[in-house]
Amino acid sequence: MTADLAGPGAATAPPWLTSMFERDDVAGLSLPPSATCTFHGRTTSAAAARDFTARTLCGWGLAGLVPDAQIVVSELVTNALRHAPGDPADAPPIRLRLVRHRFHIGCGVSDASARVPAVSPWSDLSESGRGLHLVEALTAAWGWILTRGGGKVVWALFDASPTS
Ligand SMILES: Nc1ncnc2c1ncn2[C@@H]1O[C@H](COP(=O)(O)OP(=O)(O)OP(=O)(O)O)[C@@H](O)[C@H]1O
Ligand SMILES: [Mg+2]
């Protein structure tokens with residue numbers, strides 16, 4: 001883990017993660033293993049993201065990461081559906097990508113909006129503004145990458161070292 005990934009709030013993505021989300025042709029042999037799933041803005045998308053995450057992580061022998069990763073992908077996919085402005089019928093699909101890189105798992109959810117996440121001040125009374133606090137608590141780091149097409153990827157990183 002590099003120093004700029006530590007601490008609260010959005011972080012700068014490590015280069016290996018950025019390169020995975022900036023390109024579509026990720027099938028090359030030299031690239032880290034990854035799996036991608038797309039969603040078309042349906043109310044069942046978060047559930048589908050949780051299923052996809054469980055299947056992928058179990059396939060990589062990382063069943064222990066599944067509960068935390070499912071919460072995080074659920075929050076990120078729900079945010080992309082709710083907060084990325086535009087007509088969902090016209091927008092490109094939301095895409096979830098999981099990447100395995102050495103002792104880290106990266107996940108990223110892309111949407112077509114350049115509007116970036118904004119962590120809300122914590123309040124015991126508020127009924128919203130909790131999702132990114134959960135992401136912050138359950139991941140080693142998180143942040144976003146603005147992409148060339150005018151959208152973004154909100155990403156999160158999990159420690160998958162053998163001792164974690
Ligand atoms: N993908 C996104 N695109 C644009 N804005 C976003 C995105 N994700 C989050 N945001 C912004 O960041 C804010 C905080 O997100 P967060 O998930 O913490 O809370 P929430 O979605 O408003 O409520 P909750 O997750 O508790 O239901 C959102 O209200 C929204 O303004
Ligand atoms: Mg949310």
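These questions and answers go through a predicted model.

Reader: Why is tryptophan 122 called exposed?

Author: Exposed means 12 or fewer other C-beta atoms within 10 Å. Tryptophan 122 has 9 C-beta neighbours inside 10 Å, so it counts as exposed.

Reader: Where does tryptophan 122 lie?

Author: In the loop between β3 (104-111) and α4. Tryptophan 122 and histidine 133 are eleven residues apart in sequence. In space, their C-alpha atoms are 8.0 Å apart.

Reader: What makes tryptophan 155 a contact of Cys107?

Author: Contact requires C-beta atoms within 7 Å. Cys107 is on the list for tryptophan 155, which leaves aside neighbours within four places in sequence. That list also includes Leu17, Phe21, Trp142 and Trp144.

Reader: Which residues have the most contacts inside the largest nonpolar core?

Author: Leu76, Val77, Cys107 and Trp155. The core has 35 residues. Among the elements giving two or more residues to this core are α1 (15-22), α2 (45-59), β2 (94-101) and β5 (152-159).

Reader: How do you know that Trp155 is buried?

Author: A nonpolar core takes in buried residues. Trp155 belongs to the largest one. Therefore Trp155 is buried, with 20 or more other C-beta atoms within 10 Å of its own.

Reader: Which residues come nearest to ligand 1?

Author: Of the 17 residues around ligand 1, they are Asn79, His83, Ser128, Gly131 and Leu132. Two elements, α3 (66-83) and α4 (131-138), give two or more residues to this shell. α3 gives the most, with four residues.

Reader: What classes make up the shell around ligand 1?

Author: Six residues are nonpolar, seven polar and four charged. Gly131, one of the nearest, falls under polar, since Gly is placed in that class.

Methods: Residues are numbered from 1 along each chain as its sequence is written. Chains are lettered from A and ligands numbered from 1 in the order in which they are written. This is a predicted model: local features need pLDDT of at least 70, side-chain atom pairs count only at pLDDT 80 or more; totals for chains, interfaces and linings use all residues. A residue is near a molecule or strand if its C-beta atom, placed from the backbone, lies within 6 Å of it. A nonpolar core is a set of buried Ala, Val, Leu, Ile, Met, Phe, Trp, Tyr and Cys residues joined through C-beta atoms within 7 Å. Two residues are in contact if their C-beta atoms, placed from the backbone, lie within 7 Å.
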